[in-house]
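User: Please take a close look at one loop in this protein, and then place that loop in the rest of the fold. A plain account will do.

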Amino acid sequence: MPVETIICSIRHGRTAYNAEKRYAGTIDVPLSEQGVEDCRQAARGLAGRHFDVAVTSTMSRAIDSAKILAGADTLIVQTPLCNERNFGIMEGHTWDEVLKLDPPILMIEVGNDLHTVDPKGGEPFEDVWVRAKAFRRFLFDLYRGKSILVVSHGVFLQMFYGLLRGQSCIPSLALFPANMELSRFEFVDDQLVGENVENLVVTGPEPKF
């Protein structure tokens with residue numbers, strides 16, 4: 001009999017680094033007061049929806065978002081597989097500061113946006129892609145047939161969404177998820193049969209940091 005698996009995935013609530021257009025990456029930046037409030041508003045939008053498990057990164061901004069979104073009765077599982085990209089030398093810097101780094105960081109344009117390729121000490125996109133593949137296997141090995149809430153980060157989710165859609169690594173960078181933007185992927189066995197996106201909180205344009 002076919003097995004249906006639902007993956008609902010959302011980018012964590014806002015942080016002070018978002019407001020400052022500053023790269024967080026592996027820095028464990030907490031939710032801002034506005035981020036907490038956005039999560040509470042989003043949780044009201046999720047009321048009545050059941051999740052068997054919430055899977056998050058090991059970063060507090062994702063874990064705390066999941067606790068608010070999924071509620072006290074939902075099992076929360078942490079894994080570094082869905083941590084944000086390590087931005088290396090860029091972490092803690094604003095976009096304007098990154099543009100002034102010497103030597104300059106190589107950038108490519110995908111989806112009418114610039115993406116940093118080779119920050120010193122940073123994680124190549126191909127390595128994030130490998131993690132996304134491992135994360136997909138993790139979900140289907142442990143939670144096949146379940147309703148899953150994933151709470152993660154912008155660049156990682158770009159890669160993960162592209163993978164679920166059958167895209168390759170770099171084209172997956174074309175679409176960037178906003179904070180509190182819920183993407184729902186419906187699988188029958190291993191085949192994607194449906195997808196939709198829902199903005200749970202109206203926050204205006206979101207920075208990619």
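Analyst: Leu101 touches Ile89 and Met90, leaving out residues up to four places away in sequence. In this predicted model, the C-alpha atoms of Leu101 and Ile89 are separated by 9.1 Å, and the two residues are twelve apart along the chain. Leu101 is found in the loop between H4 and S4.

Pro103 has its place in that loop too, between helix H4 (95–99) and strand S4 (107–110). The peptide bond that joins Asp102 and Pro103 is cis, with omega at about 5 degrees. Most peptide bonds are trans, and most residues other than glycine have a negative phi.

Two residues depart from the second of these tendencies. Asn112 is found in the loop between S4 and strand S5 (113–116). Phi of Asn112 is near 60 degrees, a positive value, and the residue is not a glycine. With 76% relative accessibility, Asn112 counts as exposed, because the cut-off for that class is over 50%. Lys21 has a positive phi as well, of about 55 degrees, and is not a glycine either. Its place is the loop between helix H1 (16–19) and helix H2 (33–46). Lys21 also counts as exposed, at 52% relative accessibility.

The elements that flank these loops belong to a protein with six helices and eight strands. Along the sequence they follow the pattern β-α-α-β-α-β-α-β-β-α-β-α-β-β.

H4, which precedes the loop of Leu101, also takes part in the interior. The largest nonpolar core has 36 residues, and those with the most contacts inside it are Ile7, Phe135, Leu139 and Phe160. At least two residues of this core come from each of strand S2 (53–56), H4, helix H5 (125–143), strand S6 (147–152), helix H6 (154–165) and strand S7 (181–188). H5 gives the most, with nine residues. Leu139 shows how such a residue is placed: apart from neighbours within four places in sequence, Leu139 is in contact with Ile7, Val55, Arg144, Ile148, Val150 and Phe160. A second core, separate from this one, has 19 residues, among them Ile6, Cys8, Leu46 and Leu69. In soluble globular proteins, nonpolar side chains tend to be buried together.

On the scale of the whole chain, 52% of the 209 residues count as buried. Of the contacts between residues at least 6 apart in sequence, 70% join residues at least 24 apart. The radius of gyration is 16 Å, which agrees with the value near 17 Å that a compact globule of 209 residues would have. Taken along the principal axes, the C-alpha atoms fill a box of roughly 55 × 35 × 25 Å.

As for the surface, the protein exposes about 9700 Å², and carbon and sulfur atoms supply 52% of that area. The protein has 21 positive and 28 negative charges, and the mean positions of the two sets are 1 Å apart.

To return to the loop between H4 and S4: Leu101 is in contact with Ile89 and Met90, and the cis bond joins Asp102 and Pro103.

Note on methods. Residues are numbered from 1 along each chain as its sequence is written. This is a predicted model: local features need pLDDT of at least 70, side-chain atom pairs count only at pLDDT 80 or more; totals for chains, interfaces and linings use all residues. Side-chain values use heavy atoms; hydrogens and water are left out. Helices (H or I, at least four residues) and strands (E, at least two) are DSSP runs, numbered from the N terminus. Buried means under 20% relative accessible area, exposed over 50%, partly exposed in between (1.4 Å probe, protein chains only). The radius of gyration is taken over C-alpha atoms; the globule rule is 2.2 Å times the number of residues to the power 0.38. Contact means heavy atoms within 4.5 Å. Accessible areas come from the Shrake-Rupley method with a 1.4 Å probe; for residues, only the protein chains shown count as cover. Lys and Arg count as positive and Asp and Glu as negative; His and the chain ends are not counted. The place of a charge is taken as NZ of Lys, CZ of Arg, CG of Asp or CD of Glu. A nonpolar core is a set of buried Ala, Val, Leu, Ile, Met, Phe, Trp, Tyr and Cys residues joined through side-chain atoms within 4.5 Å.
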